[in-house]
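Dear colleague,

I am passing on the structure below, together with some notes on what I found when going through it. Please read the notes with the coordinates open beside them.

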Amino acid sequence: MELRFSPLFSGSSGNALYVGCDGAHLLVDAGVSGTRVAQSLAGIGVQPGELNGILVTHEHIDHIRGIGVLSRKYDLPIFATPGTWAAMSGKIGAVAEKNVRVFDPEVNFFMGPIEVVAFPTPHDAAEPVGFAFELDGARLAVATDIGCVRDSWAKYVLGADAAVLESNYDPDMLDAGPYPYELKKRIRSRRGHLSNDDAGGFAVRLIEQGTRQIVLGHLSKENNFPELALKCTECALRQAGIEPDQDARVCVAQRDMTTGIYSVRSEFR
């Protein structure tokens, strides 16, 4: 059985990621409207009603905007940490009690045949997490909205066959951009976001430990652009003696549209 994933939306204006196989269909976050998520899922051949549930990384609006609507319309369970549930309960509307699912970080659980482990991340939210997914020996890690690289979360991501990794901002663009000082300070903080340089350095570590597919995601619309994020990571890889497209595949997730369907075991399609 093949583990697949598809970044449906990835950026500061909204995020949603499909993860699935023939026996299960999962959604990580729904930070755009329920209608747009449903349309994107249909575009990759998945109907929203087929989802086993929605996994939530944290309560910021660019990750939860559509989850309440999707849960009510398609009777979908929502999985989140206790802290995230408390923080988002007034933001997503009513959710049927049977669809309120609470999990503890670092405790593995199954959604169909896919094993899920959520791991704590350093971000300015109530109880944020990243996710790792395993199926028949294949492992996908999702690490976005992360302020800094720490061993506490890196241990869940290193060794994955494929990874969705945040590459949020270019430091020079952030400095020169229109954001107020306090927001710039928050983005740069150890509970903010990973820069392109951070992503490039961690991508080297990933590939050195066996990762062969990296999708850079959650790019800021104001403080980054795809070509720059990709170039920064590719430069970091080459400096470490790693040849992009030969030793590993690296691409950038689209902000406002589906990027594609990727197999964790094989080459990108």
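Helix H9, which covers residues 226–239, lies across strands S12 and S13 and runs at about 160° to S13. Please bear in mind throughout that this is a predicted model. A similar description can be given for helix H8 (residues 196–208), which lies across strand S11 (162–166) and strand S12 (213–217), its direction being at about 165° to that of S11.

The strands just named belong to an open sheet of seven strands, whose order is S7-S8-S9-S10-S11-S12-S13 and whose pairing is mixed. At its edges stand strand S7 (109–111) and strand S13 (249–252), and because each has a single partner strand, one side of each is left without a neighbour in the sheet. On average, and with direction ignored, neighbouring strands of this sheet are turned by 20° against each other.

Within the sheet, strand S9 (residues 129–135) pairs with strand S10 (residues 138–143) in the antiparallel sense, over five bridges; as for individual residues, Ala132 has Ala141 in S10 as its bridge partner.

One residue outside these strands may also interest you. Ser10 is placed in the loop between strand S1 (4–9) and strand S2 (16–21), and it counts as buried because its relative accessible area of 7% falls under the 20% cut-off. Leaving aside residues up to four places away in sequence, Ser10 touches Asn15, Gly217, His218, Leu219, Ala253, Gln254 and Arg255.

With best regards

Terms used: Residues are numbered from 1 along each chain as its sequence is written. This is a predicted model: local features need pLDDT of at least 70, side-chain atom pairs count only at pLDDT 80 or more; totals for chains, interfaces and linings use all residues. Side-chain values use heavy atoms; hydrogens and water are left out. Two strands pair if DSSP finds at least two bridges between them. Helices (H or I, at least four residues) and strands (E, at least two) are DSSP runs, numbered from the N terminus. Axes are lines fitted to C-alpha atoms, for helices over the stretch in contact, and angles run from 0 to 180 degrees between N-to-C directions. Contact means heavy atoms within 4.5 Å. Buried means under 20% relative accessible area, exposed over 50%, partly exposed in between (1.4 Å probe, protein chains only).
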